Amino acid sequence: MKNNCRKENIFNNLNNKINAIIIKNNVEPFIDNNFFYFTGLDEGIFEGCCAILFPQKKSELIITELEYESSKKSTENIKIFNNKKKYEELIIEFLSSSKFIGLNFNNLLYKDYINFKKLLPNSKFINISEEINKLRIIKDNNEIKKIRNACNIVDKVMAKIPDIIYKEITENQLAAEINFLMQKMGAKKPAFTTISSFGQNSAEPHYSHGNVKLKKGDFILCDFGANFMRYNSDITRTFVFGEPNDKQRSMHKTIVNAQNIAFNELMAEVKAKDIHKKVFSFIEESKFKSLFIHSTGHSIGLNVHDVGEGLSSDSEILLKENMVFTIEPGIYLPKFGGVRIEDDIIIKKDGYELLTNANRNLITI
Ligand SMILES: [Mn+2]
């Protein structure tokens, strides 16, 4: 099974002699997607549950009764608990003889950490977040298939947007239509709060939507993603309602060109930060200097901003085959509006493949 492979890989990647790994969920929003990564489960929430991974034997899933149905897909051992005492007994039963235990500090609540220390006084806890992220940033075939599905959904929805738009539609209404279409086309849920911003609101990169009506000449910035079997996509297009003016055309053209600069550089063994630098300097040298205020892209997968990596000036990573990123240059002119174009790509040995393919030209509605 694919997820056994993932478990094997993580133990092979650990320098320390780790006897067991605990992936612990608390309640929403403190769910660690590594629970789903290592168990291969794709339904359920698994609040308060644990996956205990061992290098040489089956994993033990310590789960609450209400997740029993969802857990049945797993080939690992399942143990049910319905109170704190039983949970703690199971932790002690499975882990008291493990001297070195790996934990994912990036997603672990401090109170859970304190509890493990109390229950397992003879164990040493080692943070293995970095090793997990190194593994997760490179997607396997099973993950790529799900991401492709998530990308196909947003392509289809983006293509329908010009037909949905009408004069005086509000940002809230457009966001609702986008979410409805994504779910109708097979998404489990939106990957994040859909951004549908009109006019000068588009100058605020993380504005979501409000009760604002569409007017002639407005930019329409739509940024949304689909969650499909726990994997995410993320796409942005910027339209104009009516005939665009020269400044709007020029902003859009600059961003199309900036995105192409990134596309031309993408391939395995290139430094992520070099891609960002090239895109950034291109915009700095245009008439929209200092208006590109975020990174060029982020890794995407089980999380929308996956494993905390991306194409930014701070990044230290080299691109590798089967990493998946967004490429999303944008410029934001306060009190006027913003343009962002975002696509999802997968790194190949000698280049990249676009996973989202919605029309990138300036579409006037
Ligand atoms: Mn994004």
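1. Start with one pairing: Ser197 has Leu221, in strand E9, as its bridge partner. Two strands pair if DSSP finds at least two bridges between them. Strands are DSSP runs of E, at least two residues long, and helices are runs of H or I of at least four; numbering starts at the N terminus.

2. A word on the basis. This is a predicted model, in which local features need pLDDT of at least 70, side-chain atom pairs count only at pLDDT 80 or more, and totals for chains, interfaces and linings use all residues. Residue numbers run from 1 along each chain as its sequence is written.

3. E8 and E9 (residues 219-224) share four bridges and run antiparallel. They belong to an open sheet of three strands, ordered E8-E9-E12, with antiparallel pairing. Strand E8 (195-198) and strand E12 (235-240) are the edges, each pairing on one side only. From one strand to the next, the twist averages 10°.

4. Helix H8 (residues 171-184) packs on this sheet and touches E8 and E9. Its direction makes about 150° with that of E8. Contact requires C-beta atoms, placed from the backbone, within 7 Å. Axes are lines fitted to C-alpha atoms, for helices over the stretch in contact; angles run from 0 to 180 degrees between N-to-C directions.

5. How far should the 14 residues of H8 span? At 1.5 Å a residue, 20 Å is expected, and the end C-alpha atoms are 20 Å apart, which agrees. The expected span is 1.5 Å times one less than the number of residues.

6. Which residues of H8 are buried? They are Glu171, Leu174, Ala175, Ile178, Leu181 and Met182. These fall within an arc of 130° seen down the axis, so they line one face of the helix. The arc is that of directions from the helix axis to the C-beta atoms. Buried means 20 or more other C-beta atoms within 10 Å of a residue's own; exposed means 12 or fewer; partly exposed lies in between.

7. The buried residues of H8 pack against helix H7 (141-164), strand E7 (189-190), E8, E9 and strand E10 (226-228). Phe180 and Lys184 are exposed, on the face turned away from the buried side. Gly186 follows H8 and has a positive phi, near 115°.

8. Now the whole chain. The protein chain has 10 helices and 19 strands. Of its 365 residues, 43% count as buried. Along the principal axes, the C-alpha trace spans about 70 × 40 × 35 Å.

Conventions: Two residues are in contact if their C-beta atoms, placed from the backbone, lie within 7 Å.
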